[in-house]
Amino acid sequence: MIMKNMTRLAAILLIGGGMAMSSCDGIFEDLAINPNQPSMDAYFTTPEAVNDAVMTLYGYISTQRCLGASGSKTQIIRGDEASSNSDYGKPGMYGSDLNASYYTIEQPFTLMYTTASQASYVIETIGNVDFTGEEELRDAYLGEAYFWRAFAHYYLLINFRQVCPIRQMPRNSADYVRAPEAPEAVWDFIQEDLANAKTYLPNKGYWTGDQAGRVTRGAAAALSGLCYLYRSGIETHYGTDKTTFYNEAVQEFDEIIKGTYGTYDLADDYSDNFDIAHENNNDESILEIQFLGDVENNTFNPGTATSGLAFDSRGLMFPGAGVGYEGVVHDWLYEEFVNSIDKDGCTDIRMFSTLMFDDQKEEIHLHQDANGDPIRLEGPGGWHWEDMYPPTDEAEGFATVANQLAHPFKAGIKKGLDLSMPTLTNGDGSPRMTGVGAGTQEYVYNQPRAHGVNWRYLRFADVLLMYAEAVLSGGQQGSLTPTQAVNRVRGRANMPDLDNVTMDDVKHERILELSLEGHRFYDLLRWGELATRFQTLTREDPNFKKFISATDYEGFTTNKHEWLPIPINEINSNPNIKQNPGY
């Protein structure tokens, strides 16, 4: 597993163009030369050096200051599903911390541009390296560079709207102060890179052993289809060019469904998409953002070798896990699952991999094992809800822990947590629902930087649902009808088949299948439903986005909160770019 052997890929972290490197395990062993220093051309002369440079792209994406903490919370908490009291999640709470100076906004912005710059260097110089007899490997490296450059621009575009594309490695100061290009030009550039990525990348199955998890042609096709779909919706609602690309989206998704790039399928067990055991060896996974628990480098600093690649779960952990760690799910999402009943009259099995909640409530209908015993929902350490939150005479559930702001909520966030790790206990053997003490470094659930569950960023179920959406939106149907595609996803969860799928059905199924995986905000964005959705929840739910405090939530502002603010450092250094509206 590629990034599981990159135990020290923190060593490759670069912010703003300068690398700090130290030795790494596995494929990164003995990597000690900084290819962004003046000696880069002299160093960049062997296939091994090209591989080193490509691997840094994965490192930029996976560092805690990019998608490992800052960027992931931006994507997950920013929607309507959940709230967080973590510093990482605060911008998603729509209070005063959603500003142009906040570090969890600025850091992914910087690192995505860094990724694009590094990828451009690989693209421009790989032709100078002798790959005689290894031409297929050269093409794979080149395809990876095109893919991650496209991914970086995609992330910047859907979050910040204004993008100055890195079309070549910056050569002088003028390359850093260019004017942003029109969104349609950036979308076109992204698709150009993804087309090149599909040309050069290998099919599924090429990367094996400790290389498993590197991107393939299927990942490029899936991201291309997603970008066609996103572009069609986003530009229809917010742009000047209303051209849609639903036919192109259908074609990209259909090639994956037909197996053109290798066999992809739904995992037999839905929960296999969210654990450690099935990382990089799950037929459903198309693109995984690679993470590794990192407690040795717990006190990390951006731009140094002490910046790890853990999926820092701070802001997602269950209430009581420590100050600044907790996340909760809004009640509408809990109710959405409660109302989803399978063919056997049981609660939608996907709820048990998505949320942590009291499974003994009367509205929950548990599945049974072969002996007819109910299959209970388990949290960290195998604990049940009543073990984690034993009721008292005065309180029950989240109200029994220190963070009293959590008590109105019915469920916590389960996806993204490594519940296979041991849990610290109190003297009486009960679970310790408080954080690890200062300076303690242990691979336990209570330590948020010990979590290293890969983020299955694109999986086959998502492709099926996006395919159905693209067809229903006007794309020419491919090998499946929208009803067949959606029912295939529902069938894995033992849900009844639908007779005739509508867009409302697709939207509903995306909630049940993909909640808390970072897609919800962008679903609402491309459907043009962000403002009305937030206004409805603000009006109907007195606790919506009020996990931090009853007053910090300032509400969703139309023509502002669709995009993040351009970081103030960029505004101050580039006179050609203006701040996004409202900030």
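Good morning. The chain I am presenting has 18 helices and eight strands. Please bear in mind throughout that this is a predicted model. Of the 583 residues of the chain, 62% count as buried. As for the contacts between residues at least 6 apart in sequence, 69% of them join residues at least 24 apart.

I shall discuss two helix pairs, and then the aromatic residues. Two packed helices are described by the angle between their axes and the distance between the axes.

The first pair is H2, residues 47-62, with H6, residues 135-160; their axes come within 10 Å and cross at roughly 25°. An angle under 35 degrees counts as roughly parallel, and H2 and H6 are therefore roughly parallel to each other. Their crossing is left-handed. On the H2 side, the contact involves Pro47, Val50, Asn51, Val54, Met55, Leu57, Tyr58 and Ile61, which meet Tyr141, Glu144, Ala145, Trp148 and Phe151 in H6. By residue class, this contact of H2 with H6 comprises eleven nonpolar, one polar and one charged.

The second pair is H7, residues 183-200, and H8, residues 217-238. Here the helices pack at an angle of about 165°, with their axes 8 Å apart. Since an angle over 145 degrees counts as roughly antiparallel, H7 and H8 are described as roughly antiparallel to each other. The crossing of H7 and H8 is likewise left-handed. From H7, the contributing residues include Trp187, Ile190, Leu194 and Tyr200, while those from H8 include Ala220, Leu223, Cys227 and Tyr230. The residues of the contact of H7 with H8 divide into 13 nonpolar, three polar and six charged.

I now turn to the aromatic residues. How many aromatic pairs does a search of the whole structure find? The search returns 33. One of them is formed by Phe131 and Tyr141: the ring centres are 6.1 Å apart and the planes stand at 65°, so this pair is edge-to-face. Phe131 lies in the loop between helix H5, residues 103-125, and H6, whereas Tyr141 lies in helix H6, and the two are ten residues apart. Are these two residues buried or exposed? Phe131 is buried, with a relative accessible area of 3%, and Tyr141 is buried as well, at 6%.

Another pair is that of Tyr206 and Trp207. Their ring centres are 4.9 Å apart and their planes are at 80°, so this pair is also edge-to-face. Tyr206 counts as partly exposed, at 28% relative accessibility, while Trp207 counts as buried, at 9%.

There is also an aromatic cluster, formed by Tyr58, Phe147, Trp148, Phe151, Tyr154, Tyr230, Trp455 and Tyr457. Several of these names have come up already. Tyr58, Trp148 and Phe151 belong to the contact between H2 and H6, and Tyr230 is among the H8 residues that meet H7.

Finally, let us return to helix H6, in which Arg138 lies. Which residues does Arg138 touch, not counting those up to four places away in sequence? They are Ile126 and Phe131; the latter is the buried loop residue whose ring pairs with Tyr141. Arg138 itself counts as partly exposed, at 29% relative accessibility. The C-alpha atoms of Arg138 and Gly127 are 8.8 Å apart in space, and these residues are eleven apart in sequence.

That concludes my presentation; thank you for your attention.

Definitions and conventions:
Residues are numbered from 1 along each chain as its sequence is written. This is a predicted model: local features need pLDDT of at least 70, side-chain atom pairs count only at pLDDT 80 or more; totals for chains, interfaces and linings use all residues. Side-chain values use heavy atoms; hydrogens and water are left out. Axes are lines fitted to C-alpha atoms, for helices over the stretch in contact, and angles run from 0 to 180 degrees between N-to-C directions. Helices (H or I, at least four residues) and strands (E, at least two) are DSSP runs, numbered from the N terminus. Angles under 35 degrees count as roughly parallel, over 145 as roughly antiparallel, 65 to 115 as roughly perpendicular and the rest as oblique. A crossing is left-handed if the near helix is turned anticlockwise from the far one by less than a right angle, and right-handed if clockwise. Contact means heavy atoms within 4.5 Å. Ala, Val, Leu, Ile, Met, Phe, Trp, Tyr, Cys and Pro count as nonpolar, Asp, Glu, Lys and Arg as charged, and the others, Gly among them, as polar. Rings of Phe, Tyr and Trp (its six-membered ring) pair if their centres lie within 6.5 Å; planes under 30 degrees apart count as stacked, over 60 as edge-to-face and the rest as tilted. Buried means under 20% relative accessible area, exposed over 50%, partly exposed in between (1.4 Å probe, protein chains only).
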